[in-house]
Amino acid sequence: MLFRYRAWDGTQEIDPLTAEELLEALADELLDNDDIETALRNILRYGDQGMLDHRIEGIQKLLERLREQRKEQLQQYDTGSILDDIARRLEQILQHEREAIEERRQRASQQEGSPSQQSPSATTQPSTTDPLPASAPDQPSSTSASPTDSSSSSSPVDQRMRDVLRRLADQKESELNQLPPDVPGRIRQLQNYEFLSPKAQEEFQQLLDELRGQMARQYFQGLQQAIQGLTPEDLQRLRDMVRELNKLLDSALQGQSPDASDFLQKFGDFFPGANSLEDILQQLAQRASQMSALMNSLSREQRSQLQQMLDSLFRDDRLQWDMARLAASLNQLLPREARGYHFSGDESLSLREALHLMEQLQQMDTLEQQLQRAQRQGANVVDPELAERTLGREARQQLEQMNSLAQILEDAGFIRRRGDRLELTARGVRRIGQKALQEIFTELKKDRLGNHDVATQGRTGERSDNAKVYEFGDPFLLDLQGTIRHAILRQGPQIPVQLQSDDFEVYRTEHRTEVSTVLMIDLSRSMLYNGCYAAAKRVTLA
């Protein structure tokens, strides 16, 4: 045989199960209840219990791993920190804006404290970087300084510009100081605020785009790639799609069966993989449940603030009303209550991370339901892709292996299908008897030949060609040549040859144990209660 070794990468299959190994692992269960389906269901549920070196993990182990993984998630994160993350980003934006306001105020102070130092031909013009008019209508756009004015104070135009800078800085600072302390209120008022800092304006717009994208993503899977921002064109197309979708749902609520083919041709990228209105509804319900689960995982105050913040994102847009209609129609067509989760960790989350976490937890809930159903109906009811996505590739391999157990035995001829039931074949019964026979005879001990005094000499096993030094109790099958050779080697060539007890060699014989088996089966109820019928069956089959 050719053996090839390579580094472990997690994809190798070690010791694939054989039908003989599997049937031997099921033998004790089959002797107990005579039902191959029950035996297969038990190994599916509890694994091989070490009889196959734990190569079959079992549904219970997968459930334990799944619940432990969910527990770790709940003990790691704090969903109440969603608004804290947004509040930190808003505070950073306000800090950039305050720095820009202070810069304007310092510029006005520096210009006031420095006299004009210009040559006769120099001109003074207002800065083009400030958001101020270049000059008043009744003032010239530039003034000339004479040599006699080189040490005088600044011109009236400069003084007016400094006053405007101060008033602007004071006004902006006053607006920031009047912002409400809560996140929704700050977002609502900052949408009408004109920023002095281009950096603050850019960061605030980016935050709004992300939050709008998250709000839209709770319904539309196709917007996953647009989370970082919604362009005006994206927003308009989203509005058109929601209006068309509401028309379809209104028709469905009226008992009609609307055709969604034209809608999917125009807006199918919002619902990847959908081929009908039912597919669209399923995707919408799944997405909406993630936000619902997040809301139910928050305290009442946190839930209220988050809802106010989301409502403020489209407060002047028809889209908010259309999406509210969409949510109401969806609840009527597919009523679905998403459960909340109790988090006890302290690791903070953004809104996007929290929604992704809700998706993971809901997938765990779905997989848990499938695994619980698999204990009764078989591993084929579990989605292998969901198992791999949640518990890793090894879980998928375990499920695929558990799905093939009956087929392995059937292909080997150990079981057969009779209608909708499985039963052992004669070959399977003989295989179980062979295993029982091996178990019984491995426990037998070698006995001495002629252990009892009898009038006739008993037989031993066949003589072999191998010899050994005689030991007390061995059958005296003398190897004459070997015995004389020992004596000559000991004393040298001489006649007569003197034999001693250490010179004797005897032939080895095959060991053979003969037994007589008597089957006496007690039919009292204690046999059943104490589990003794299995032992009786095992001996009978052997």
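A charge sits over a ring, for our purposes, if NZ of Lys or CZ of Arg is within 6 Å of the ring centre and within 35 degrees of the ring normal. By that test K172 lies over the face of Y193, at 4.6 Å from the ring centre. Keep that tyrosine in mind while we set the scene.

What you have here is a predicted model, where local features need pLDDT of at least 70 and side-chain atom pairs count only at pLDDT 80 or more, while totals for chains, interfaces and linings use all residues. Residues are numbered from 1 along each chain as its sequence is written, and side-chain values use heavy atoms, with hydrogens and water left out.

First, the overall picture. The protein has 20 helices and six strands, where helices (H or I, at least four residues) and strands (E, at least two) are DSSP runs, numbered from the N terminus. There are 542 residues, and 38% of them count as buried; buried means under 20% relative accessible area, exposed over 50%, and partly exposed in between, with a 1.4 Å probe and protein chains only. About 32,900 Å² is exposed, with carbon and sulfur atoms supplying 47% of it; those areas come from the Shrake-Rupley method with a 1.4 Å probe, and for residues only the protein chains shown count as cover. As for contacts (heavy atoms within 4.5 Å), take those in the protein with a separation of 6 or more: residues 24 or more positions apart account for 68% of them.

Now back to the aromatics. Rings of Phe, Tyr and Trp (its six-membered ring) pair if their centres lie within 6.5 Å; planes under 30 degrees apart count as stacked, over 60 as edge-to-face, and the rest as tilted. A search of the whole structure turns up six aromatic pairs. Why is the pair of Y193 and F195 called edge-to-face? Their ring centres are 4.9 Å apart and the planes stand at 85°, so the pair falls in that class. Y193 has 8% relative accessibility and counts as buried, and F195, at 13%, is buried too. Both belong to one aromatic cluster with F204. Y470 and F476 also form an edge-to-face pair, with 5.5 Å from centre to centre and 80° between the planes. Here Y470 is partly exposed at 28% relative accessible area, while F476 counts as exposed at 51%.

Next, two helices. Helix α1 covers residues 19–33, and its 15 residues reach 20 Å from first C-alpha to last, close to the 21 Å expected at 1.5 Å a residue. The expected span is 1.5 Å times one less than the number of residues. Where does α1 bend? The bend is at A27 and comes to about 45°, taken as the angle between axes fitted to the seven residues ending there and the seven starting there. A27 is also one of the buried residues of α1, which include L22, L23, L26, L30 and L31. An α-helix has 3.6 residues a turn, so residues three or four places apart point the same way. Among the elements covering the buried residues of α1 are α2 (36–46), α17 (426–442) and α20 (533–541). After α1 comes D34, with a positive phi near 60°.

Helix α8 (residues 232–253) has 22 residues, which should span 32 Å at 1.5 Å a residue; its end C-alpha atoms are 31 Å apart, which agrees. Its buried residues include R239 and N246, along with L235, L238, M241 and V242. G255 follows α8, and its phi is positive, near 90°.

A few single residues deserve a stop. Q363 sits in helix α13 (residues 351–377) and is buried, with a relative accessible area of 16%. Leaving out residues up to four places away in sequence, Q363 touches L386, R389 and T390. R427 lies in α17 and is partly exposed at 44% relative accessibility. With the same exclusion of residues up to four places away, R427 touches A412, G413 and F414. The C-alpha atoms of R427 and A412, 15 residues apart along the chain, are separated by 9.3 Å.

Finally, some backbone oddities. I495 and P496 are joined by a cis peptide bond, with omega about -5°, and P496 is in the loop between α18 (480–491) and β6 (505–509). In the loop between α2 and α3 (59–76) you'll find Q49, which is not a glycine yet has a positive phi of about 55°. H54 is in the loop between α2 and α3, and its phi is positive at about 60° although it is not a glycine either. Q49 counts as exposed at 57% relative accessibility, and H54 counts as exposed at 60%.
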